[in-house]
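This report concerns a ligand site and a neighbouring topic, the pairing of strands. Please consult the sequence and the structure shown below while reading.

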Amino acid sequence: MNEQAFEREQIISNLNKSKSHDLTYDRVLSSMCTYPHEIAVHAHIQFIESNMGDFGLFQGTYNLEKKVIQSIGNLLHHSEASGYMTTGGTESNIQAIRSMRNNLSSKKKCGKPNIVVPDSAHFSFDKVSDILDIELRKASLDEELKVSIQSVQSLIDENTIGLVAIAGSTEFGQVDEIEKLSEIALQNNIFLHVDAAFGGFVLPFLEKTHEFDFKLPGVTSIAIDPHKMGLSTIPSGVLLFKSADYLESLRADTPYLTVSTQYTLTGTRSGAAVAATYAVMNLLGKEGYRKVVSKCMEATYYLLDRLAEIDVYPLIKPLMNVVALEVPEADLVRKKLAKDFNWQVSITQKPHGLRLVIMPHVTLEMIDYFVQDLKKVLDTIN
Ligand code: PLP
């Protein structure tokens, strides 16, 4: 730390310089985040000092959080769901599995508890396994890149405490057969956590209906991220439990705060993100999100049409605004797109392909430029 204070102008100038080294989203096709909605930014700034880790001091923000939880519960067919605002999908997944462990592992036979997750699960589940010392059993995928129901069934044993289903996989935007997984969870008397971190703000607003939420009786918890397709500010995640008991199992006593208990993983928590999420959800409503999703899907279909003109096709028919493309040497293509044309795309592992996320910042004009540049890169490789 510098001994003497810098001039304010100097700091602002340094900040501007650093900001200029950040990418804007204008050439980003790899991220599941985007520019937050203007009203979310407004609310975030207004509540900037609010700490939900000690919400007795911030009752107004706490009431907003309760409204967010109820409203997302309602969206996911369970207005009575219990939960709280997390920092995002990773924290929600950790806490969901921690709750499973606290509730069920003592009732299980003897060995190390395990959970069965799709091979397509986000890497946050590797962190879950490490932090909670729970065995992660990865079920294989079928040809549509949904988890194989047979594989899930074969991995369940007397120490399985729960299953994970993905509603919008990170790499492919695929949705598992959650109805079937719900039945399996009920038959085996184990938990079912649905990771809808990305898909939670997409699936309810698509024309086609997908069953993935608390409507299914076996679903016990859901992760859904307002800071992805919900257009809220970072860090905004939501974790919902079917029953208050599951949240209760995460309780910690907090003797020196204004409130005596906490259920969260982090202590200090952003009230700004709570206010931002409340604001954007209320401003848009279901009607507004339907428009956002419909615009992203139109852009996704437009991209597919333009790609077909240069003989590039998706690995699976996209269900949502995540597209995985079959291209030769995907990693090299990704690097060349970044180096020569400044495009940020990512890759999928199995099967290997190029991955694009068509977030609300992606315009048809961007897609036109991207397809032109992709063709140039592919011509150098073929
Ligand atoms: N789950 C899924 C399906 C995701 O796609 C992601 C992130 O992309 C996460 C969890 C982790 O979310 P976060 O980065 O907000 O912790």
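The text that follows treats the surroundings of the ligand and then one strand with its partners.

**Ligand site**

The model is predicted. In it, the ligand is surrounded by 13 residues, and the closest of these are Thr90, Thr170, Asp195, His227 and Lys228. Sorted by class, this shell holds 8 polar, 3 charged and 2 nonpolar residues. Helix H4, spanning residues 89-104, supplies the largest share of the shell, with 3 residues.

Polar side-chain atoms of three residues lie at the following distances from an oxygen atom of the ligand.

| Residue | Distance to a ligand oxygen atom |
|---|---|
| Aspartate 225 | 3.3 Å |
| Histidine 227 | 2.9 Å |
| Lysine 228 | 2.9 Å |

The ligand taken alone exposes 390 Å², of which the protein buries 83%.

**Strand E4 and its partners**

Strand E4 comprises residues 160-166 and is mostly covered, with 7 of its 7 residues buried. Two pairings of E4 can be described. Strand E2 (residues 114-118) runs parallel to E4 and is joined to it by 3 bridges; in this pairing, isoleucine 115 stands opposite glycine 162 of E4. Strand E5 (residues 191-196) also pairs with E4 in the parallel sense, over 5 bridges, and histidine 193 in E5 is the bridge partner of valine 164.

How are E4, helix H7 and E5 arranged as a β-α-β unit, right-handed or left-handed? Together with helix H7 (residues 178-188), the strands E4 and E5 make a right-handed unit.

Definitions and conventions
Residues are numbered from 1 along each chain as its sequence is written. This is a predicted model: local features need pLDDT of at least 70, side-chain atom pairs count only at pLDDT 80 or more; totals for chains, interfaces and linings use all residues. Side-chain values use heavy atoms; hydrogens and water are left out. A residue is near a molecule or strand if one of its heavy atoms lies within 4 Å of it. A polar contact is a pair of N or O atoms within 3.5 Å; within protein, one must be able to donate a hydrogen and the other to accept it, and residues adjacent in sequence count only if both atoms are side-chain atoms. Accessible areas come from the Shrake-Rupley method with a 1.4 Å probe; for residues, only the protein chains shown count as cover. Helices (H or I, at least four residues) and strands (E, at least two) are DSSP runs, numbered from the N terminus. Ala, Val, Leu, Ile, Met, Phe, Trp, Tyr, Cys and Pro count as nonpolar, Asp, Glu, Lys and Arg as charged, and the others, Gly among them, as polar. Buried means under 20% relative accessible area, exposed over 50%, partly exposed in between (1.4 Å probe, protein chains only). Two strands pair if DSSP finds at least two bridges between them. A crossover is right-handed if, with the strands pointing away from the viewer, the path from the first strand over the helix to the second runs clockwise.
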